[in-house]
Amino acid sequence: MCWSRALVTGSVLLLVQLLCSEAVPISMDKTKVKEPEKQPEEPPASVDTGLHYDRYLREVIDFLEKDQHFREKLHNTDMEDIKQGKLAKELDFVSHHVRTKLDELKRQEVNRLRTLIKAKQDIEGGNDIALDHQALLKQFEYLNHMNPHTFEVDDLDRLIKSATKDLENYDKERHEEFKRYEMMKEHDRREHLKTLDEEERKKEEEHYEEMRKKHADHPKVNHPGSQNQLKEVWEEADGLDPEDFDPKTFFNLHDTNGDGFFDEQELEALFTKELEKIYDPTNEEDDMVEMEEERLRMREHVMNEVDSNKDRLVSLDEFLVATKKKEFLEPDSWETLEQNQAYTDEEMREFEEHLAQQEQDLNQKAVDLQKQRDELERQQEQLNAQKIELQQAVEHMERLKSQKVEPPPEVHVEGNAIPEIHPVDNQLHPEQEAEPQGHQPAPQDTPQEHHEQQHQDLAQQGLPQTHQDLPPGHQEAAQGQHNLP
């Protein structure tokens, strides 16, 4: 579909031309142009625009394209009106079926964004933090997050403006990315040289200069989009006589999807022959990343020279106008990447300072993390030691508990009573003796004090105090009485 194809190539501003233009019929001499082999028609391959909302953008356009009223308005709307949002207002007049489908697409997109936000939170370890989806959705400017249920005029206006802005910044971001790539490659080379001794460093430098010269030694590169460059494609790729070069025929042959425009991919395909002069994937000196950057530089240059309405497409009319310019007939020489260093010396210096600062920060973080690790290990050792002490204490208490013996029952003697003794000759019966009057042991007396008091009382009464004081016959009887259980 024409409009979809426009977005595939990176623009939403080509709506009028893409929907309403047809390829201009070209009169061709069939004796000079080889008939291409007929192959079953297949839909053109979908090329991602690079936008994170690419799928949503495509689906919205596909359904808007199905509405006849919207298509008619596109035919009468110029690019400036589209940029200013006048086209978006026509959304109010599209069919109910299309609006319903757009509502569904928006709800799906909002759910997708919420899922992405939640996944990012999970990765960053914030599972316990409540998410404010409304606040986070503000960063996605291509839809109205305050109304997540219906697709309105504001949504279409936002989508067009966001896609336009994002796609216009694509080339700028790509250049910056390539510049960083080149500076990092040079930085790594310099760092490698520092690891070598003087002799090895000299050999490495000589090899580097040799590869640079070898890479620069290639056939002349034609100016992209010039007559010489296109004639070479006409002759080598199309197999036609360069003397019979015809711009209309050339355009028709290389408008591969037949929509009446050269999109970015179709333009880049025209530069393959030129790139093969400079780059060979089998050569050590040729960098394929640089080859793709060279291809994009060529496409960007032709777009700037030929794409007069800046819609990122080259129409047949724009192409024919360009073939009449002096730049097409007598172009300047084309300077390749090796003649145009991607960065300045100052940028390289700042880049290396930035890398050095990053390395310093990382080293400091590594030191801090090591300190934290050492502290955690120390704390762990303390905990392990405490755990062992507690285990030993518990084991000791268990042993004491298992070895504990019940003490024998205590014998309490009242007053001056003498333990009952059964002598052999029955001469002594302490329980029959009269207890002295007026003597009661104090309640607070200890057993030792009580025992001593008994001895004193016995002594006063002229009674024996110990077994040894008893007569010989009575000592044995007393000893036997003492041993009774």
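Which residues does V60 touch, not counting residues up to four places away in sequence? They are L102, L105, F151 and L159. This is a predicted model, and V60 is a good place to enter it.

Start with the whole chain. It has 20 helices and two strands. Of its 485 residues, 35% count as buried. Take the contacts between residues at least 6 apart in sequence: 68% of them join residues at least 24 apart.

Now return to V60. It belongs to the largest nonpolar core, which has 31 residues. Within that core, V60, L64, L102, Y142 and L156 touch the most other members. Four elements give two or more residues to this core: α3, α4 (68-75), α6 (96-123) and α8. In general, nonpolar side chains in soluble globular proteins tend to be buried together.

Look next at how the helices of this core pack. Helix α3 spans residues 54-65, and helix α6 is one of its partners. The axes of α3 and α6 lie 10 Å apart, at an angle of about 175°. Angles over 145 degrees count as roughly antiparallel, so α3 is roughly antiparallel to α6. On the α3 side, the contact uses Y56, E59, V60, F63 and L64. On the α6 side, it uses V98, K101, L102, L105, K106 and E109. By class, seven of these residues are nonpolar, none is polar and four are charged.

Helix α8 (residues 153-168) also meets α3. Here the axes come within 12 Å and cross at roughly 125°. That angle falls in none of the parallel, antiparallel or perpendicular ranges, so α3 and α8 are oblique to each other. The crossing is left-handed. From α3 come Y56, L57, V60 and L64; from α8 come L156, L159 and A163. This contact has seven nonpolar residues, with no polar and no charged ones. Y56, V60 and L64 of α3 thus appear in the contact with α6 and again in the contact with α8.

What lies apart from the largest core? Another core of 29 residues does, with F251, L270, M298 and V302 among them.

Further along the chain is helix α11 (residues 227-236). Which of its residues are buried? They are Q229, L230, E232, V233 and W234. The cover over these buried residues includes α12 (247-254), α14 (272-278), α16 (316-322) and α17 (326-329).

Key: Residues are numbered from 1 along each chain as its sequence is written. This is a predicted model: local features need pLDDT of at least 70, side-chain atom pairs count only at pLDDT 80 or more; totals for chains, interfaces and linings use all residues. Side-chain values use heavy atoms; hydrogens and water are left out. Axes are lines fitted to C-alpha atoms, for helices over the stretch in contact, and angles run from 0 to 180 degrees between N-to-C directions. Angles under 35 degrees count as roughly parallel, over 145 as roughly antiparallel, 65 to 115 as roughly perpendicular and the rest as oblique. A crossing is left-handed if the near helix is turned anticlockwise from the far one by less than a right angle, and right-handed if clockwise. Contact means heavy atoms within 4.5 Å. Ala, Val, Leu, Ile, Met, Phe, Trp, Tyr, Cys and Pro count as nonpolar, Asp, Glu, Lys and Arg as charged, and the others, Gly among them, as polar. A nonpolar core is a set of buried Ala, Val, Leu, Ile, Met, Phe, Trp, Tyr and Cys residues joined through side-chain atoms within 4.5 Å. Buried means under 20% relative accessible area, exposed over 50%, partly exposed in between (1.4 Å probe, protein chains only).
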